[in-house]
Amino acid sequence: MRKKLTGLLAAAALAMALGVLGGCGAPVEGAVSLPETGPEAPTSQEAQDGASGQEVQDDALEQAAREEAEALAAAEAAEREAEEKAVAEAAAQKEAEEKAAAEAKAAEEAAAAEAAAQQETQAQQQEEKQAGSVYAAASGKGKKYHSNPNCSSMNGTKELSKTEAEKQGYTPCKKCY
Ligand SMILES: [Zn+2]
């Protein structure tokens with residue numbers, strides 16, 4: 001069917017070319033009438049047309065095969081490209097995840113460090129607050145300072161800073177400090 005059609009087209013083309021070349025007589029008439037009568041009236045011309053049709057078909061097959069190969073190669077290339085892209089994307093994603101994890105870890109560590117620092121500050125403040133005021137006997141020879149003003153049997157206490165108490169030669173009480 002295809003071969004016949006191709007041959008027909010070739011015959012038509014040839015007829016048209018002949019018509020044009022053949023004379024200034026009636027190229028239009030030849031072009032119109034020949035394709036219709038051509039297949040029904042086999043001549044030596046028909047054989048030639050068949051041969052050229054075969055060549056055309058071979059060319060067409062060759063062309064088709066080439067195109068198919070090219071399409072296949074293109075598809076393979078596209079697939080390869082897609083695979084490479086997928087690998088690259090996976091790598092990028094992995095990198096991003098690792099980066100995110102590292103950032104999260106860093107943030108966690110920073111938060112932990114901050115919390116620790118805060119805790120330390122609080123502890124220091126607490127210590128300073130505790131250390132801020134100590135109690136010593138208001139009178140007598142006691143050279144101890146106490147955290148508890150009711151410690152021992154102090155007859156009246158004075159409140160002073162730990163630094164000041166130490167400066168004055170007081171030492172911490174072993175019972176309450
Ligand atoms: Zn004490």
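Strands S1 and S3 (residues 157-160) run antiparallel and are joined by four bridges. One of the residues involved is Val134, whose bridge partner in S3 is Leu160. This is a predicted model, and the pairing described here is read from its coordinates.

S1 also pairs with S2. The two strands run antiparallel, with two bridges between them. Here Tyr135 stands opposite His146 of S2. Together S1 and S2 form a hairpin, with six residues between the strands. Gly140 sits in the turn and has a positive phi of about 100 degrees.

The sheet continues past S2. S2 and S4 are parallel and share two bridges. Tyr145 stands opposite Pro172 in S4. The complete sheet is open, has four strands and follows the order S3-S1-S2-S4. Its pairing is mixed. S3 and S4 are the edge strands, each pairing on one side only. In general, the strands of a sheet pair through backbone hydrogen bonds, either parallel or antiparallel.

Now look at the side chains of S1. Val134 and Ala136 point one way, while Tyr135 and Ala137 point the other way. All four are buried. They also belong to the largest nonpolar core, which has seven residues: Val134, Tyr135, Ala136, Ala137, Tyr145, Ala165 and Tyr170. S1 gives the largest share of this core, four residues.

Val134 deserves a closer look. This residue lies in S1. Val134 counts as buried because 27 C-beta neighbours fall inside 10 Å, and 20 are enough for that label. Leaving aside neighbours within four places in sequence, Val134 is in contact with Tyr145, His146, Ser147, Leu160, Lys162 and Ala165. Two of these, Tyr145 and Ala165, are listed with Val134 in the core. Leu160 is the bridge partner in S3. Val134 and Pro149 are 15 residues apart along the chain, and their C-alpha atoms are separated by 7.9 Å.

At the other end of S1 (134-137), Ala137 has its own set of partners. Setting aside residues within four places in sequence, they are Gly142, Met154, Asn155 and Thr157.

Where does Lys143 lie? It is in the loop between strand S1 (134-137) and strand S2 (144-146). Why does Lys143 count as partly exposed? The reason is that Lys143 has 13 C-beta neighbours inside 10 Å, whereas a count of 12 or fewer would make a residue exposed. Not counting residues up to four places away in sequence, Lys143 touches Gly169, Tyr170 and Thr171. Tyr170 is a member of the core, and Thr171 belongs to S4 (residues 171-172). The C-alpha atoms of Lys143 and Ala165 are separated by 9.0 Å, with their positions 22 residues apart along the chain.

Step back to the whole protein. There are four helices and four strands. From the N terminus on, the elements run α-α-α-β-β-β-α-β. Of the 177 residues, 9% count as buried. Among contacts between residues at least 6 apart in sequence, 55% join residues at least 24 apart.

Confidence varies along the chain. The mean pLDDT is 79, and 67% of the residues reach 70 or more. The highest value for an element is in strand S4, at a mean of 93. The lowest is in helix H2 (residues 27-37), at 51. Where pLDDT is low, the predicted coordinates should not be read in detail.

Notes. Residues are numbered from 1 along each chain as its sequence is written. This is a predicted model: local features need pLDDT of at least 70, side-chain atom pairs count only at pLDDT 80 or more; totals for chains, interfaces and linings use all residues. Two residues are in contact if their C-beta atoms, placed from the backbone, lie within 7 Å. Two strands pair if DSSP finds at least two bridges between them. A nonpolar core is a set of buried Ala, Val, Leu, Ile, Met, Phe, Trp, Tyr and Cys residues joined through C-beta atoms within 7 Å. pLDDT is the predictor's confidence in each residue, from 0 to 100.
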